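Student: Can you go through this model with me? I'd like to start with the DNA.
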Number of protein chains: 2
Amino acid sequence: MAGSEQTAAGSDQPAADAAGPGRDLPRTPVLADVAERAGVSQQTVSRVVRGSPVVARRTRERVEQAIAELGYRPNAAARALVTRRSHRIGVVATTTAVYGPTMVLQGVQEAARAAGYSVSLVMVTDLAPEAVTDAFEELHAQSVEGVVAVVPEDASQHAVQTAGALVPCVLAPGLDGDGVPDAYWAELAAARTATAHLLRLGHRTVHHIAGPQDWAESRARATGWRTALVEAGRPVPHPARGDWTAAGGHAAGHELLAAGATAVFAASDHMAIGVVRAAAERGLVVPDDVSVVGYDDVPEAAYLNPPLTTVRQDFTEIGRRCVQVLLRRLASQEVPAGRDDLALVVRASTGPPPAPARRTPAPRHGARA
Amino acid sequence: MAGSEQTAAGSDQPAADAAGPGRDLPRTPVLADVAERAGVSQQTVSRVVRGSPVVARRTRERVEQAIAELGYRPNAAARALVTRRSHRIGVVATTTAVYGPTMVLQGVQEAARAAGYSVSLVMVTDLAPEAVTDAFEELHAQSVEGVVAVVPEDASQHAVQTAGALVPCVLAPGLDGDGVPDAYWAELAAARTATAHLLRLGHRTVHHIAGPQDWAESRARATGWRTALVEAGRPVPHPARGDWTAAGGHAAGHELLAAGATAVFAASDHMAIGVVRAAAERGLVVPDDVSVVGYDDVPEAAYLNPPLTTVRQDFTEIGRRCVQVLLRRLASQEVPAGRDDLALVVRASTGPPPAPARRTPAPRHGARA
DNA sequence: CCCGCAATTGTTAACGTTAGCAACCGGGGC
DNA sequence: GCCCCGGTTGCTAACGTTAACAATTGCGGG
């Protein structure tokens, strides 16, 4: 050991080490190379790299210098192999509702990185349970330590149960286990508030465009809407169903508007955009003839025509919470429950109904429909 | 075969898991377990797993059954260690302009998966060169075989050069090396077409809201806009600068409208949304008083008020192409050049100017600003 | 002057897989 | 009868790292 090549007059190409791979060979350096250069054992280098406190100061400095000179990088695969820890989490995300999942993804990435984890991504376009299961399998094959799923609850139900046995999973809102109800209640409450806002403006009732059936979020929002209506003793019209997109909202909007809706609560901003468009196509002015409320508060919401009243949601925070829950679960710690990032933000797309129940206001534009 | 440790009888542990793989121990099975069960060597199992053709049919079947029974999964880390191939590519993505990068990411993911690669994601919020370099370093530490970068060209310049020496990199539009000019020309041409469309409608000139300076896309689009103006011999007004967002477009839009713009070409749909809003705030009607063109064709564009004329872009395809280029480069194959996914789609946000040079039309709304 | 302790450092053996080569086997050509 | 053959299969040694334990050192106390 400590065969200092330098003293051995190594100006040209001496046998740098036993096997004799020339030192000028640009092979990526490994622990052994650093050890040789620093004149210590591999184990000591390993200790330095991992920040073990038992290394003498002088030794550590010498090793660190050797690392810097050689440009040494630990090999993740070797490390994962021996420690049985990959320091990697997986994300299964749907791509349907672009804005939300993306922001969640960002939060996940951010939090994971901060915690020393890297993230593997699998995006699923096909939401058949089988496809989702495949996604989990693939992540499992990469030996991720946990998975965050940003997919509709129903599609992932089976997959989570199957994969959950192999690797810890957290479902999107990040409040699973005992927390699930909380996430549900929070969404429900926000939807209820949004609906109540419309009722308070004087609308006799509020129509709803729900999201896809298999999302728990859709159900929570629909239930919140229904709750507000029932509490106020108003009729509960049959909800339309959208697919989170503007196109879906547009179709559903026409349907509702044809039925005489004066207030529409859409389960996503993009669907709300479609509703506003449908109204315009029918010669109706928002908010004079019809009020529209969205959900998500996408960045554009404040700049639409008219600016959209909506429920703000902190997607990034959701992503961070997912990671937190996952990591705590991995460490068998208690996970926090509760969610308070939802807030109604009132803008110009909502107003009193055109013809309130009791009063007959001066006609202002006259619905041209 | 596997019995070597047993004959050696070295361990004091009751054979449970020291020697024989305790069949009731729920440890995850490894190659050796399958080998023992199938009565063959590890090597043969390995060959079956990898689909090597030299295994006899009967043997293969026996091994496959053992694999199924045990639920064996190859260990990715061990495999990566010995083959020196991670079958993983990295993506560095900015999160600023949500729609584009997300769709690119989806294309990347899709293509990578199809090619047997998994993807590691690092999102950068801070676009300082140093932060971007960090992102590359992190991916390198995960021993990715290549990196796709969806970040502004300038921020990644340094990082790509640094990291490029260690691992192959492809920059977002996916046509680098000799292809870069092509991507540039395609964007330029599309912007030129969009601008020409406005001129053909009768506008004396067209104002422009550019994207952030450090994106090559911004420069290409601005140049295309300028080219169209120069070709038509029109004055070239000073362009405003946005940040891809509706908020930025809103501010820039006010600026341009105050300067009397009748036609605005925004470098992104979200900025165009901001412009339309700014127009509305000034009592201007789109397209009667001012025409607006966007870029991207986000899914909502067709449902805005009014539906937005814009340049369609196939982001997913871009992502796929990035992977293709990367993989071909890894195999030292020729990479294709060229890009033809851009197309102007004309909708209702563009029309003739309110007061063409020669005629004096009846004033219709009168700007209340 | 020796013992033991604490602080360091080194040695050995995994981790689960694949590559390279050796070994085996039944059969046909000479 | 011998040798070589292609088709299979097995053995051994890596790959780069960490865990567990052993060895070495310096130092104060008995």
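Student: Which residues come nearest to DNA strand D?
Tutor: Of the 25 residues around DNA strand D, the nearest are L31(A), S46(A), N75(A), A78(A) and Q43(B). A residue is near a strand if its C-beta atom, placed from the backbone, lies within 6 Å of it. This is a predicted model: local features need pLDDT of at least 70, side-chain atom pairs count only at pLDDT 80 or more, and totals for chains, interfaces and linings use all residues. Residues are numbered from 1 along each chain as its sequence is written, and chains are lettered from A and ligands numbered from 1 in the order in which they are written.

Student: Which elements supply that surface near strand D?
Tutor: α2 and α4 of chain A and α3 and α5 of chain B each give at least two residues. Helices (H or I, at least four residues) and strands (E, at least two) are DSSP runs, numbered from the N terminus.

Student: And DNA strand C, how many residues surround it?
Tutor: 26, with S41(A), T59(A), V82(A), L31(B) and S46(B) the closest. Two or more residues each come from α2 (42-50) and α4 (76-83) of chain A, and from α3 (42-50) and α5 (76-83) of chain B.

Student: Switching topic: how many residues of chain A are in contact with chain B?
Tutor: 39 residues of chain A are in contact with 39 of chain B, where contact puts C-beta atoms, placed from the backbone, within 7 Å. On the chain A side, α4, α5 (99-114), β2 (118-124), α6 (129-141), α10 (246-258) and α11 (269-281) each supply at least two residues.

Student: How does β2(A) run relative to β2 of chain B, parallel or antiparallel?
Tutor: Antiparallel, with three bridges joining the two strands; pairing requires at least two DSSP bridges. S120(A) stands opposite S120(B).

Student: Where is cis proline in chain A?
Tutor: The peptide bond from N305(A) to P306(A) is cis, with omega near -5 degrees. P306(A) sits in the loop between β8 (291-293) and β9 (310-312) of chain A.

Student: What about D297(A), which sign does its phi have, positive or negative?
Tutor: Positive, near 55 degrees, and D297(A) is not a glycine. D297(A) is also in the loop between β8 and β9 of chain A. Most residues other than glycine have a negative phi.

Student: Is D297(A) buried or exposed?
Tutor: D297(A) counts as buried because 23 C-beta neighbours lie inside 10 Å. The cut-offs within 10 Å are 20 or more other C-beta atoms for buried, 12 or fewer for exposed, and partly exposed in between, with C-beta atoms placed from the backbone.

How values were computed
Two residues are in contact if their C-beta atoms, placed from the backbone, lie within 7 Å.
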